[in-house]
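The following paragraphs lead through a protein model, beginning with a single loop residue and moving on to sheets, cores and domains. Please keep the sequence and the structure in view while reading.

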Amino acid sequence: MVLISPVQGQVKQGVYVITLDNPPVNAISISVRRGLISAVNDFEQSNAQVAVLVGSNGTFIAGADIHEFARTSDGPVLLDVVRVIENCKKPIVAALQGAVLGGGLEVALACDARIAHVDTVIGLPEVSLGIIPGAGGTQLLPRRIGISRAIDIICGAQRLSAEEAKHLRLVDSVVCSDILVAANLFARNIEHKSSVRDELVPNEDPALIDQAINRYTKLGRCRPAIAKAIDLIQAAARLPIEEGLVLESAAFLELRKSQEAQALRHLFFAEKTCRKPPQTKEVAPIPINTVCVIGAGTMGTGIAICLLDAEFSVMLLEQDKEALDKGEERIFSHYQKQVETGKLSPVEASKCLSHLLCSLNWEELAKADLVIEAVYEDMLVKQDVFKKIDQFANPNAILATNTSYLSVDKIALATTRPKRVIGLHFFSPANVMKLLEIVNAKQTCLETLHAVIAFGNRLNKYPVVTKDSFGFIGNRIYNAYRTQCEFMLEDGAWPEEVDAALVDFGMAMGPFTVADLSGLDIAWRMRKTQRKNQETRYVDILDTLCELGRFGRKTSAGYYDYTNGKKQANTSELVRQIIENASQRRRIKRRTLNSKHIQNRALLSMVNEAALLMREGVAQRASDIDVVFVHGYGFPRWQGGPVFWARQQDRQQLQSDIAGLAEHGGNSFVLADISILFESSP
Ligand code: TC6
């Protein structure tokens with residue numbers, strides 16, 4: 001079998017054109033590295049005086065091939081390719097378009113000039129994969145743009161537009177026309193080599209450098225790649241380039257193996273996987289252009305904003321005029337703020353708003369391809385609303401409920417078209433949070449499922465499909481986690497100790513801070529509907545707090561007392577008393593729980609529930625659970641998610657530690673066999 005190289009060279013009108021074709025994004029795999037070296041050597045032997053390097057598939061190079069990072073590298077490394085380009089005696093022009101990321105930018109910087117299509121995206125996002133640029137990026141970028149900007153771009157994993165890159169002199173020219181034609185013309189006028197590696201790092205105000213370092217040092221607390229990148233970028237100003245490159249290569253190889261890098265790679269692929277529809281026979285697409293959101297509360301308006309941002313035509317429907325006006329006001333003031341803070345131009349903001357229609361008239365529903373109900377979380381209320389939606393909506397329209405717990409199957413039965421009914425669980429604030437749980441109910445048809453996955457992708461969310469089951473994936477696992485944290489209050493920990501331990505692990509917030517923020521009354525209402533029996537260990541601290549009117553931050557009191565405009569959370573002696581009473585009632589001798597113990601119990605409870613969900617088929621893939629926790633519940637990205645965390649532990653020890661949880665959980669604890677988390681792939 002003859003293997004065709006993904007890199008081909010050919011002289012066209014006197015210019016040697018090197019074309020890289022490795023779909024989908026021209027990632028630099030071993031065969032690309034070999035191909036590039038051989039193409040540059042062929043160019044040197046040719047009569048052509050100048051070469052253009054261009055990518056096929058509408059893109060230049062999206063970086064090194066991330067699949068290869070888990071393996072030991074074979075053959076030439078990317079730095080060898082960079083050196084061959086730099087040492088080539090004749091100039092090479094990089095013709096940039098699409099993605100010029102990571103190793104793609106390093107290759108481009110090794111070339112003698114760069115010409116970019118206006119739609120090009122340029123950056124060194126390696127830290128988002130737990131690594132650093134490993135083929136000269138930390139040494140070349142500061143030589144061209146200075147230390148402080150290089151820190152911002154590399155540590156912030158910033159993606160620049162072609163115009164921004166031109167402003168920073170990273171590209172020489174920006175064009176709107178065909179990039180190859182433009183680059184060929186540009187190349188004809190190039191006579192000399194001109195290498196970024198020979199430049200000196202420009203002088204700049206040390207205060208600017210300190211500010212940039214401070215911005216990212218905080219972030220670097222649990223992120224070794226960021227801390228290392230800062231060191232290396234600074235080293236560019238002190239060391240000759242070859243010494244800097246040696247340090248960079250060593251750091252890259254070390255970081256590539258780090259747990260952070262493995263976790264971030266796992267999430268990179270988990271996020272791509274959840275966006276794909278199930279592989280089945282072809283399904284007829286259902287186009288979604290006009291969406292009606294029912295309910296103008298916080299959730300409904302948040303959903304409307306995220307739809308407007310994605311350029312859908314949106315109808316916001318209410319039955320109450322005052323609620324509709326308030327909702328409309330909330331949407332307008334959101335866009336006003338976007339303009340005031342420079343996030344949107346006035347033209348962009350009014351373009352979004354021009355797609356909004358607020359109405360009290362249910363007949364408007366007939367125009368919608370998708371209807372999203374976002375009303376009060378109560379089965380009877382939702383069923384009533386669905387009866388009405390069914391009456392007015394177009395017969396082919398998809399009907400979605402934004403429930404967080406309730407049975408979508410039951411809601412669907414209120415309509416005459418259960419196969420078109422699905423759950424779309426948005427997370428608040430809906431225009432910010434990237435997670436979207438898609439609840440595939442028993443009767444939901446495949447066309448509907450495919451259409452809403454495509455819809456979720458268009459919203460730029462991670463659409464994770466779950467089976468209809470109480471709490472779906474996220475709230476079901478979160479309940480187990482929060483319950484375990486409540487047990488720990490009775491066992492001896494204070495809310496601030498539990499919160500601090502979990503923040504220390506990397507959670508965005510501890511469970512009791514979250515509870516106070518989202519409102520204890522919401523959980524209280526839900527708890528009242530749940531059956532309790534004698535054997536179940538039920539912690540009633542939250543109920544007592546609610547009986548005292550302590551609903552959380554909104555009432556300036558919950559698990560904490562709030563002062564300073566509700567911003568400052570303080571320990572409450574009253575809450576401590578309530579907790580101590582709860583321990584006494586259960587005859588528990590309170591003892592100190594250290595941070596590690598707290599973290600372990602919280603994580604074990606998540607892992608146990610994750611395994612149960614997988615066995616019940618609620619989650620399709622173990623990696624989906626990680627996407628849900630990272631994007632919906634503040635689980636630290638660099639820890640990869642609860643399943644990734646579990647896979648890093650000794651399996652037998654983990655199973656026995658989870659069995660140990662039973663001693664805290666009472667008879668209601670269901671012990672899972674966690675092997676499914678290790679055996680399922682991904
Ligand atoms: C680096 O360069 C380090 C260098 C140092 C070396 C010493 N590798 O996102 P999409 C796949 S680190 C392998 O759906 P989009 C992706 O998995 C790298 N595969 O498309 C998917 O495959 P699937 C630094 C990659 O148009 C397909 O391409 N670079 C890579 O929404 C389509 O992806 C980055 O971090 C890769 N590098 O966005 C860039 N990139 O169809 C990461 C993508 O089998 N990539 N794939 O699921 C991106 O940001 C985006 O993918 C995009 C395209 C903007 C390139």
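At 66% relative accessibility, Gln13 counts as exposed, where exposed means over 50% relative accessible area, buried under 20% and partly exposed in between (1.4 Å probe, protein chains only). Gln13 belongs to the loop between E1 and E2; helices (H or I, at least four residues) and strands (E, at least two) are DSSP runs numbered from the N terminus. The phi angle of Gln13 is near 45 degrees, a positive value in a residue other than glycine.

The model is predicted: local features need pLDDT of at least 70 and side-chain atom pairs count only at pLDDT 80 or more, while totals for chains, interfaces and linings use all residues. Residues are numbered from 1 along each chain as its sequence is written, and side-chain values use heavy atoms, with hydrogens and water left out. The average pLDDT, the predictor's confidence in each residue from 0 to 100, is 94 for the protein, and 98% of the residues score at least 70. For the complex, the predictor gives an ipTM of 0.98 and a pTM of 0.93.

Strands E1 and E2 lead into an open sheet of six strands, ordered E1-E2-E3-E4-E6-E9 with mixed pairing; two strands pair if DSSP finds at least two bridges between them. Strand E1 (7–12) and strand E9 (173–175) stand at the edges, and because each has a single partner strand, one side of each is left without a neighbour in the sheet. Neighbouring strands of this sheet are turned by 25 degrees against each other on average, direction ignored; axes are lines fitted to C-alpha atoms, for helices over the stretch in contact, and angles run from 0 to 180 degrees between N-to-C directions. Within the sheet, strand E3 (residues 51–55) pairs with strand E4 (residues 92–96) in the parallel sense over four bridges, and Val54 has Ala95 in E4 as its bridge partner. Helix H7 (residues 179–188) packs on the sheet and touches strand E2 (15–20), E3, E4, strand E6 (113–117) and E9, contact meaning heavy atoms within 4.5 Å. The direction of H7 makes about 155 degrees with that of E6.

A further open sheet has three strands in the order E5-E7-E8, again with mixed pairing. Here strand E7 (residues 121–123) runs antiparallel to E8, joined by three bridges, and Gly123 stands opposite Arg159 in E8. Helix H3 (residues 103–110) packs on this sheet, touching E5 and E7, and its direction makes about 85 degrees with that of E5.

What lies in the interior? The largest nonpolar core has 76 residues, of which Ile18, Phe60, Ile92, Leu96, Leu141 and Ile151 touch the most other members; such a core is a set of buried Ala, Val, Leu, Ile, Met, Phe, Trp, Tyr and Cys residues joined through side-chain atoms within 4.5 Å. Its largest share, seven residues, comes from helix H9 (residues 224–238). A second, separate core of 71 residues includes Ala515, Ala523, Leu612 and Leu677.

The protein is divided into domain 1 (7–257), domain 2 (290–472) and domain 3 (475–679), with bounds from an automatic or database domain assignment. The centres of domain 1 and domain 3, taken over C-alpha atoms, are separated by 45 Å.

Two cis peptide bonds deserve attention. One joins Pro23 and Pro24, with omega about 5 degrees, and Pro24 lies in the loop between E2 and helix H1 (30–45). The peptide bond from Ser428 to Pro429 is also cis, with omega near -5 degrees.
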